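Please open the model in your viewer and keep the sequence panel in sight. We will walk through it one selection at a time.

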Amino acid sequence: MSGKVVILLTLVTAGVVATGYFLSADNHSDFSWFTNVANSGETATARNAVSAKQLSADPAGEPEPPSDSALGFMLASVADQYAESIKYPPWSVPLSSEQANAYRGNYYEPVSLPLEGDGQFTVTLEKYRFTAGERILVAAAIQGSQIVGRTLSATLERPDSRDALASTTLEEAGSPGYFEGTLSADHAAGEYRLIVEARLDGKPVRHVSTMAIEPYLGEFEGLGDARIQGNNLIIPVRFSPEDSGYYALSAQLFVGQRPVAQLQIEKRLDNTSNTINLKAHGTVLANQTVDGQLQLKNLQIRQLPARPGDRTNYAFGPDEGYAFTPPDLDSLTDTPAVDPESEQRAALLRQLADKF
């Protein structure tokens with residue numbers, strides 16, 4: 001086997017494993033073949049250790065070559081998974097409910113600090129990324145047997161210098177142990193540390209989490225009329241950019257409450273061009289029962305760096321997304337996307353697997 005083929009096999013295998021992981025609904029079991037191979041390797045190691053002892057008295061003895069069955073099974077599994085993944089173009093891939101929940105672009109995961117006696121000190125925000133000038137509502141909850149002071153403090157810090165840029169007081173609101181306050185996001189774009197400090201049993205306790213401030217990128221202005229083009233549903237999204245440049249748009253397509261596809265595309269926008277056409281391929285929409293409208297949710301647009309080293313900036317569509325009435329989808333088919341290079345790689349993997 002030539003060196004080029006070995007390198008190609010390594011790259012394709014790595015790519016397929018990564019694709020299978022992100023597109024799987026449950027990543028804990030999809031690669032059971034890998035566990036089987038690993039277990040086989042451990043068994044072979046133990047067996048070879050015994051064989052080495054037996055052969056030590058016989059200098060002419062040589063270990064038997066390993067079986068090719070494990071490698072053949074691995075290659076066959078990789079070939080099957082790769083062949084399945086290339087059915088879909090990279091800009092229109094199927095989406096499960098679990099993946100749709102994980103792909104939410106601007107979600108702040110509440111951070112909990114454990115306290116003595118099974119207590120918790122939890123801080124949460126409305127979202128992770130704020131646009132410069134917005135109000136940042138900070139909420140904190142303290143659960144447990146600790147004696148809590150009447151107020152908490154919240155401070156916004158630069159992560160590199162630890163300089164405090166803004167601070168506020170969180171006051172008890174609504175129920176015991178629940179506190180709220182606001183900060184301003186009128187600061188330069190970047191990542192920030194949010195420090196919330198409380199006095200528990202007379203001692204200061206600091207809760208540290210992170211958030212980001214984004215520059216104003218422009219405005220989403222709704223959708224154009226959806227249409228069929230070839231084996232694709234074209235969904236025009238209108239975005240008026242503040243500055244010209246290259247942008248990447250992604251969104252989730254829903255049929256009712258059920259996610260069906262993750263869509264994405266890149267395009268240059270300026271004052272004369274403010275429409276980005278998302279495309280849903282027939283492989284994700286054919287044979288779908290659409291009763292009424294489709295929905296486009298979790299819209300996220302990124303302003304791509306103009307120069308290496310520049311920051312990628314983010315903006316997000318309306319929380320409710322957009323609902324639209326699609327044209328007749330009966331012409332869409334489940335015909336796999338055609339990519340000659342990907343098909344050649346799939347054929348190469350299958351040929352290699354058949355050798356074992």
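The tour below moves from a sheet to its hairpins, then to a few single residues, and ends at a pocket. Keep in mind as you go that this is a predicted model.

**Stop 1: the sheet**

Begin with a cartoon view and colour the strands of the open sheet, nine in number, in the order E2-E3-E5-E8-E7-E6-E9-E10-E4. The pairing in this sheet is mixed. Which strands sit at the edges? Strand E2 (111-115) and E4 do, each of them pairing on one side only. If you look at how neighbouring strands cross, the average turn of one against the next is 25°, with direction ignored.

**Stop 2: the hairpin of E2 and E3**

Stay at the E2 edge and select strand E3 (residues 119-125) as well. E2 and E3 run antiparallel and are joined by five bridges. To find one of these pairings, show Leu113 and look across to Phe121, its bridge partner in E3. Then move to the turn: three residues lie between the two strands, and Gly117 has a positive phi near 70°.

**Stop 3: from E6 to E7**

Next, select strand E6 (residues 151-157) together with E7, residues 164-172. These two are antiparallel, with seven bridges between them. Leu152 is a good residue to show as sticks: it belongs to E6 and stands opposite Leu170 in E7. Is Leu152 buried or exposed? Its relative accessible area is 2%, so Leu152 counts as buried. Now draw a distance from the C-alpha of Leu152 to that of Gly181; the viewer should give 9.0 Å, although 29 residues separate the two in sequence.

Follow the chain out of E6 and you come to the turn of this hairpin, where six residues lie between the strands. Pick Arg162 in the loop between E6 and E7. Arg162 is not a glycine, yet it has a positive phi of about 65°. With a relative accessible area of 48%, Arg162 is partly exposed.

**Stop 4: on to E8**

Continue along E7 into strand E8 (residues 178-184), which pairs with E7 in the antiparallel sense over two bridges. Show Glu171 and you will find Glu180 as its bridge partner in E8; for Glu172, the partner in E8 is Phe179. The hairpin has five residues between E7 and E8, and Gly174 takes a positive phi near 90° there.

**Stop 5: the loop from E9 to E10**

Jump to Asp201, in the loop between strand E9 (190-200) and E10. Here is another residue that is not a glycine but has a positive phi, in this case about 55°. Asp201 is partly exposed, at 45% relative accessible area.

**Stop 6: Glu214 and its contacts**

Select strand E10 (residues 203-214) and go to Glu214. How accessible is Glu214? Its relative accessibility is 1%, so Glu214 counts as buried. Now show what surrounds the side chain. It makes a polar contact of 2.6 Å with the side chain of Arg129. A polar atom of the Glu214 side chain also lies 3.1 Å from the backbone nitrogen of Tyr314.

**Stop 7: Leu249 and Ser273**

Select Leu249 in strand E14 (residues 245-255). This leucine is buried, with a relative accessible area of 1%. Add Leu299, which is 50 residues away along the chain; the two C-alpha atoms are 7.2 Å apart.

Then look at Ser273, in the loop between strand E15 (258-269) and strand E16 (275-281). Ser273 has a relative accessible area of 19% and counts as buried, because the cut-off for buried is under 20%. Its side chain is joined to that of Lys267 by a polar contact of 3.4 Å.

**Stop 8: the largest pocket**

For the last stop, select Asn106, Lys127, Phe316, Gly317 and Asp319, the lining residues nearest the centre of the largest pocket. In total, 26 residues line this pocket, and the space within is about 610 Å³. Which elements give two or more residues to the lining? They are strand E4 (129-131), strand E11 (218-223), strand E17 (294-303) and strand E18 (313-316). Colour the lining by residue class to see 11 nonpolar, seven polar and eight charged residues.

Key:
Residues numbered from 1 in each chain as written. Predicted model: local features only at pLDDT ≥ 70, side-chain atom pairs only at ≥ 80, totals over all residues. Heavy atoms only, no water. 1 Å grid on protein atoms, 1.4 Å probe; cavity = no way out; pocket = protein on both sides within 12 Å on 5 of 7 lines; lining within 4 Å. Points joined across faces, edges and corners; volume = space filled by probe spheres on them. Helix = DSSP H or I, 4+ residues; strand = E, 2+ residues; numbered from the N terminus. Nonpolar A, V, L, I, M, F, W, Y, C, P; charged D, E, K, R; others polar. Pairing = 2+ DSSP bridges. Axes fitted to C-alpha atoms, helices over the stretch in contact; angles between N-to-C directions. Buried < 20%, exposed > 50% of the residue type's maximum accessible area, 1.4 Å probe, protein only. Polar contact = N/O pair within 3.5 Å; in protein donor to acceptor, adjacent residues only side chain to side chain.
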